[in-house]
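Thanks for sharing this one. Here are some notes to read alongside the coordinates, beginning with the ligand and ending with a single residue.

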Amino acid sequence: MNPVESAVEPEIDQAPLDGKVRLLDPHTINQIAAGEVVERPASVVKELVENSLDADARRITIELVDSGQTLIRVADDGCGMSPDDARASLQRHATSKITHVDDLGDVRSLGFRGEAIPSIASVSRFTLSTGDDDGGRTTIRVEGGQIVSETRVAGPRGTEISVEDLFFNTPARLKFLKSASTELSAILEHVMRYAIAFPEVAFAVTHNGQSAMVTTGSGDLHQAIAEVWGRDTARGLAEVAFEFPGLRVSGFVSPPHMTRPTRAYQYVYVNGRPVRSRTLTASLDQSYRDLTPERRYPVVVLKLDIDPQKVDVNVSPTKSEVRFQREGEAFDAIRTAVRSALMEHGMMPDAAGIAAANEALKWSASPGLPHAPGLPLAPMNGGEGHWPSFVAQAPLEGDASASPGAAPSGFVRDAERYPFSELLEGLRVLGQAMKTFIVAETARGIVIVDQHVAHERVIYEYLCGLKGPTAIERQALLAPETLHLNRAAALILRERLEEIVAVGFDIEPFGGESFVVRSAPAALRGKSPIKVLQDLADELVDGSVTRKLTPTREQIWIMSSCKMAVKAGDALSIPEMEKLIVDLASTENPYLCPHGRPITITLAREDLLRKFDRA
Ligand SMILES: Nc1ncnc2c1ncn2[C@@H]1O[C@H](COP(=O)(O)OP(=O)(O)OP(=O)(O)O)[C@@H](O)[C@H]1O
Ligand SMILES: [Mg+2]
């Protein structure tokens with residue numbers, strides 16, 4: 001008989017285990033797994049928050065005592081568990097999220113390994129209290145991996161997990177913990193990432209009874225960023241919204257002059273999961289290449305949504321790494337999306353302008369150097385002029401308004417970036433040329449300013465709040481006027497009404513495709529508000545047709561500032577021109593209009609003299 005045919009092939013997991021090679025007991029297996037996934041209190045918080053999010057919670061509260069070492073309690077209003085599921089969840093490899101190896105290719109939940117709960121329970125005193133829609137709640141207490149009690153009482157839907165005395169039975173791990181404040185910030189760091197990933201979920205964190213972080217769950221990403229990182233940081237960010245076939249990039253990025261000394265303010269997500277990815281980091285670096293000074297990093301929240309089948313999340317036990325089927329595609333998508341957002345924000349000057357600005361930064365940072373050379377509208381050395389100093393805003397260390405617990409470090413207000421203080425030395429407006437350009441003299445030479453783009457930049461910075469939370473000045477109309485639009489324009493205007501109101505119009509839907517307008521931004525001066533709104537609506541429709549997306553806040557700001565600004569051909573008085581230049585000098589970027597066009601041209605004194613053979 002053929003020996004191969006006669007052999008009974010044993011199943012691999014039915015091999016006899018009575019020799020020297022034996023299976024470990026479940027508790028030991030869990031503790032070993034805990035070594036990978038439960039490194040510190042922050043990992044516990046991460047796993048529990050992920051479970052709450054997977055359970056579709058709308059509200060997640062996190063209570064910490066002693067930076068999580070004494071207590072971590074995470075409560076949610078998610079789907080909860082039946083008594084059987086509650087018991088099952090404590091077992092290793094028990095999960096409701098995948099059933100088969102093939103599912104690994106299509107993971108849509110944050111968890112899928114079925115090991116977080118048993119791992120945490122094996123290294124703590126653990127209490128799970130949970131209930132689904134049947135009105136009862138199951139409470140199971142586990143100590144060092146052993147169930148010590150189970151009770152059932154009436155209670156609402158949702159889950160609460162308490163982890164007490166973490167690592168009480170693994171003293172080696174306990175020894176590796178860092179200082180209380182380091183562990184606490186590691187926890188908050190995780191929660192901040194999730195709070196921004198899920199703006200529709202309200203998060204509340206308390207530490208030793210005091211509130212450490214709160215988000216409202218408004219559903220608005222920009223608001224979530226403001227709640228987590230502080231209003232000042234959020235305000236300057238440009239919206240990113242770009243769609244590629246099978247891939248969508250959305251979020252917010254800072255203009256190149258708003259940077260931090262570390263990558264701590266770069267949150268990148270793939271399908272809602274905070275990830276670390278070399279590819280994506282490299283792509284961000286590429287996007288800002290030559291735009292930011294060396295070793296400074298832009299502030300970034302970027303969400304990449306991609307077909308789950310095209311990305312592998314089963315790379316590490318903590319699930320924070322991903323591999324893309326096509327790394328190059330993800331790389332290009334991020335770069336294209338970020339660069340075009342910067343372009344839209346008027347923050348993508350040509351290479352020469354940026355090099356000059358960086359050079360200026362370097363010079364202005366070194367005391368004793370007279371002035372920054374090479375800026376398009378650079379300051380000159382010289383005595384006190386009658387113009388005020390424009391570095392009145394001293395560099396601000398840290399966001400004073402940042403929410404507690406989110407105190408960012410090393411954030412330097414970018415006013416110091418451009419040494420404007422001397423910009424207007426000796427400025428004298430000579431007059432208006434071609435009813436389009438302001439011609440002025442400064443100590444440096446002759447300056448020509450495009451009045452429309454200059455005004456556009458000034459209004460734009462007011463609108464997007466770069467100049468602080470200034471209210472836009474409104475002017476009531478003598479009588480309310482009615483705006484009639486076509487269907488597409490009305491639809492889009494209604495959708496973005498809040499932004500239009502923020503720009504300075506008092507406008508309300510008035511049935512059908514009509515709106516009533518009661519006041520308009522004072523900046524419009526003599527222009528007809530109805531005409532401006534009509535143009536704006538048309539342009540919004542245009543933009544959304546070509547880009548297949550609803551217009552971003554930036555687009556609305558850019559279009560509005562363009563519509564409100566003085567036009568080429570508008571006559572301006574000398575005081576009006578002087579005011580415009582003073583306003584321009586205090587903008588964050590006086591070199592480029594929000595569309596990226598140059599605002600100012602300088603004919604340097606030396607150049608003029610040389611050209612006339614006077615040098
Ligand atoms: N807050 C919760 N609300 C509802 N169900 C939960 C909650 N936490 C855990 N569960 C259930 O318990 C199961 C086990 O959770 P556990 O975190 O151990 O594994 P997982 O989330 O499936 O995978 P991973 O180990 O990758 O996190 C989950 O699959 C889920 O069904
Ligand atoms: Mg989990």
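1. Ser-96 is a good place to start: an N or O atom in the side chain of Ser-96 sits 2.5 Å from an oxygen atom of ligand 1. Please keep in mind that this is a predicted model, and that the distance is a computed one.

2. The backbone takes part too. A polar backbone atom of Arg-113 is 2.8 Å from an oxygen atom of ligand 1, and for a backbone N or O atom of Ala-116 the distance to an oxygen atom of the ligand is 3.1 Å. The protein buries 95% of the 590 Å² that ligand 1 exposes when taken alone.

3. Which residues come nearest to ligand 1? They are Asn-51, Thr-95, Ser-96, Lys-97 and Lys-319, out of 22 residues around the ligand. Sorted by class, the shell holds 9 polar, 7 nonpolar and 6 charged residues. Two helices, α3 (41-54) and α5 (116-122), each supply at least two residues of this shell.

4. Now to Val-299, which is placed in the loop between β14 (297-298) and β15 (300-306). Is Val-299 buried or exposed? Val-299 counts as buried because its relative accessibility is 0%, and the cut-off for buried is under 20%.

5. Who surrounds Val-299? Leaving aside neighbours within four places in sequence, its contacts include Trp-229, Thr-233, Leu-237, Phe-252 and Val-253. Ser-254, Met-258, Arg-260 and Tyr-265 are also in contact with Val-299. As for Tyr-267, its C-alpha is 8.4 Å from that of Val-299, with the two positions 32 residues apart in sequence numbering.

Note on methods. Residues are numbered from 1 along each chain as its sequence is written. Chains are lettered from A and ligands numbered from 1 in the order in which they are written. This is a predicted model: local features need pLDDT of at least 70, side-chain atom pairs count only at pLDDT 80 or more; totals for chains, interfaces and linings use all residues. Side-chain values use heavy atoms; hydrogens and water are left out. A residue is near a molecule or strand if one of its heavy atoms lies within 4 Å of it. A polar contact is a pair of N or O atoms within 3.5 Å; within protein, one must be able to donate a hydrogen and the other to accept it, and residues adjacent in sequence count only if both atoms are side-chain atoms. Accessible areas come from the Shrake-Rupley method with a 1.4 Å probe; for residues, only the protein chains shown count as cover. Helices (H or I, at least four residues) and strands (E, at least two) are DSSP runs, numbered from the N terminus. Ala, Val, Leu, Ile, Met, Phe, Trp, Tyr, Cys and Pro count as nonpolar, Asp, Glu, Lys and Arg as charged, and the others, Gly among them, as polar. Buried means under 20% relative accessible area, exposed over 50%, partly exposed in between (1.4 Å probe, protein chains only). Contact means heavy atoms within 4.5 Å.
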